[in-house]
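Trainee: I should like to go through this structure in a series of questions, with the reasoning given for each answer.

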Amino acid sequence: MKNATATTRLGKTGAGSARERCAQAFRQVLSLMLATVREIFDESAYQRFLAQRQLGSSRATYALFLREQETRRARQPKCC
Amino acid sequence: MLAACDSRADVSRQLRSRAELATIPVFTQTIPMPKLLPMLTWLLIALTGALAVATIAIHRGEQINAMWLVVAAVCTYAIGYRFYSKFISAKVLALDGQRATPSERLENGRDFVPTHKWVVFGHHFAAIAGPGPLVGPVLAAQFGYLPGTLWILAGAVFGGCVQDFVILLFSIRRDGKSLTEMAREEIGPLGGLVAYLAVISIIVILLGVCALVVVNALKSSPWGTFTITMTIPIALLMGIYLRRLRPGKVFETSALGFVLVMLAIWGGQWISQTPSVARWFTLSASTLAMVIILYGFAASALPVWLLLAPRDYLSTFVKLGTIGLLAGGIIVLHPTLHMPALTRFVDGTGPVFAGNVFPFAFITIACGAISGFHSLIASGTTPKLIRNEKEARLVGYGAMLAESMVAIMATIAACVLQPGIYFAINSPAGIVGQSPEAAANTISNWGFPVHAVDMQTLARAVGEQTLYNRTGGAPAFAVGMAHIFSSSLGGQALMAIWYHFAIMFEALFILTVLDAGTRVGRFMVQDALGHVCRPMGRTSWYPSILATSALIVGAWGYFLWQGVKDPLGGINSLWPLFGIANQLLAIVALCVATTIVIKMGRSRYAAVTLAPLVWLVAVTFTASWHKIFDADVRIGFLAHARQLAASHGNARLIFNDRLDAAVTGILVCMIALILLESAIGSLQVLSGRKQARVKESPFVATQFAVQQK
């Protein structure tokens, strides 16, 4: 009986940790996808720009960011 | 035993050269037993892939399920990635995880930013995936599903992925230098000049052909025209919203733009059903061409934030979502392919475009198998983001595999249609006849039964007046995609919505390419003119902006106009020209790559880039020869010009044919020069007459690895 309880407990712990691992992996995948989307949509570039210059987000700083990005972006080809 | 293994691995990580590594005694007894399970798994994948490819290749006279194509593709890509790309990484390129990449050494928070490999993968894929892998396979489906599928699989694994991978790596080792710069440094000044001219030419031809695809998709279609027209104010609104209301919230703005586009699609249905309003949006091909030319000029001259950037974000948002949706739809529905494996048109008499399978199938499908344009992106933004050299394999090779998968999906979308319907949509009136009855008769006589009534019913189901002669590939892809979506999501009631969603999706793609391409071309012309007249090189000087924009738009606008006025359907002759230009650029890229591989002292592995190079030279030079000199008036530009001249035809069309022949000839001569210069240089290196000196940036050890330790 004691052994059975221990096994059950062990089983529960194992299942719990497996669930946790799954949840953690899912969170990692999600955060990676979010990071990809943020990079593709230049949101990360804007955050880096703000961090580098120690500025807060505002219309003026975003306009500054866009000006800086303008030439770089306009020179990027899009494939057929 | 394990400890011994770990210790050897640690030592290996710290050593850079193979010579040093060779001095370490190899304790064979410390190597663990080969893992049986992975070996069996890969064997199973290989066998499944072989079975799927055999099924595709051998089946004749009976229809097969689209899942065979999907399974063949997935298994081929998996094997290619696991084994071939690993071989290239280890033997040919000797990827070095200890070497700092430009993103680390030159980090500036703007262009050079060390980025997670999957993020770079997504970024790179979003940049290389355009309308090409959707349109090319649809056009090539006139040969049946087999030639296109085999070329997409083999071309990607041995050609396209290799090109993207090696160019990316070589650019990483040269501080993110562009293809043209690498050509100049590694091959010679002539190489650089030719690469520059080839890039300009391909951009101009590409834009003309892409615009023609949009014109063919939207002519006489009030619904489609309204939807696409609405994307302009939507993009402007997004630009203002992003700048004034929610600075920096691009994803949110794109989602909002997407909702507005969906509303525009829905509104388009009402427009098409309201005759008084519909006539405003029912435009002829010529009018649409003029509108697109004017739009291209405005998009090039307007500030980036106002139109180009928001449209690019919106296009990417729709693109990623739709590709995922299409993949899901194909897997859920696993439709049957109605197109035979091979059609009678392998003999070169096809109505969609003229010419034999070899070489024309291989230039018609460019982006899904190998595209020279990718080398511009692989030597553009991407090398400046890669954090570790070893990640170039996933990004360069892997992203191209994903692009190739998109081409397989496009093949499926075209081949799920009844062949008669496919040919009715894609054949120009000049070949099948002007009236619906004549077209149906001609196509039925080819052995692909289709009835005028069925075509009318289908046109009504998708909300169009007619689907005949809608050449260019986009409408056929849209019908196929609508068929897949409506069979898995929403039923037949939503067929028209899905069709116009697909049209909007492709047109949005293409207009983004048009915006970006015109601007890139403008900058290139400004850079070149700056050497002659300094003020023209100032990219923000308005007279220069207007003059160079007009020059670039005029160049591609001419090709567009020519395509619209061509009685044989325009796309018929222009798409092969685009394919030739694109593959010629791939030749430049592979030429640069082969030269560098030889200079690196790895000539024994040069076949990795040399084999696809030789194949592309054979394909493009043969295709160019046919396009210029073939006696068939549907293939040869000069033969067509002669026929027109003999019948006192339109002088403008005669001039167009001669111009196309001249452009093709000049492109081929330029590439022949670069090949010659590269071959001479390589032979001198191999014979020891010239010292091999690659222009790589000096080795700097990465700090990331130190931090990781």
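The exchange below takes up the chains in turn and then some individual residues.

Mentor: This is a predicted model, in which local features need pLDDT of at least 70 and side-chain atom pairs count only at pLDDT 80 or more, while totals for chains, interfaces and linings use all residues. Residues are numbered from 1 along each chain as its sequence is written, and chains are lettered from A and ligands numbered from 1 in the order in which they are written.

Trainee: How many helices and strands does chain B have?

Mentor: Helices (H or I, at least four residues) and strands (E, at least two) are taken as DSSP runs and numbered from the N terminus. On that basis, the count for chain B is 30 helices and two strands.

Trainee: What is the radius of gyration of chain B, and how compact is the chain?

Mentor: The radius is taken over C-alpha atoms, and the globule rule is 2.2 Å times the number of residues to the power 0.38. For 709 residues the rule gives 27 Å, and the value for chain B is close to that, so the chain is as compact as a globular protein of that length. The radius of gyration of chain B is 26 Å.

Trainee: What share of the residues in chain B is buried?

Mentor: A residue is buried if 20 or more other C-beta atoms lie within 10 Å of its own, exposed if 12 or fewer, and partly exposed in between, with C-beta atoms placed from the backbone. In chain A, 21% of the 80 residues count as buried. In chain B, with its 709 residues, the buried share is 55%.

Trainee: Which element of chain A gives the most residues to the side that touches chain B?

Mentor: Two residues are in contact if their C-beta atoms, placed from the backbone, lie within 7 Å. The contact takes 30 residues from chain A and 47 residues from chain B. On the chain A side, α1 (2-40), α2 (43-53) and α3 (59-74) each give two or more residues. The one that gives the most, with nine residues, is α3(A).

Trainee: Which element of chain A has the lowest mean pLDDT?

Mentor: The pLDDT is the predictor's confidence in each residue, from 0 to 100, and chain A averages 78. Residues 1-11 of chain A have a pLDDT below 50, and this stretch has zero contacts in the model beyond near neighbours in sequence. Where pLDDT is low, the predicted coordinates should not be read in detail. Among the elements of chain A, the highest mean, 90, belongs to α2(A) and the lowest, 73, to α1(A).

Trainee: Is V204(B) buried or exposed?

Mentor: V204(B) is placed in helix α10 (residues 189-218) of chain B. Not counting residues up to four places away in sequence, V204(B) touches G521(B), A555(B), W556(B) and F559(B). Because V204(B) has 25 C-beta neighbours inside 10 Å, it counts as buried.

Trainee: Which residues does a cis peptide bond join in chain B?

Mentor: One partner, P359(B), is in helix α16 (residues 357-364) of chain B. Omega is about 10° for the cis bond, and the residues joined are F358(B) and P359(B).

Trainee: Where is D175(B) found?

Mentor: The phi of D175(B) is near 60°, a positive value in a residue other than glycine. With 16 C-beta neighbours inside 10 Å, D175(B) counts as partly exposed. D175(B) is found in the loop between α8 (145-172) and α9 (179-186) of chain B.
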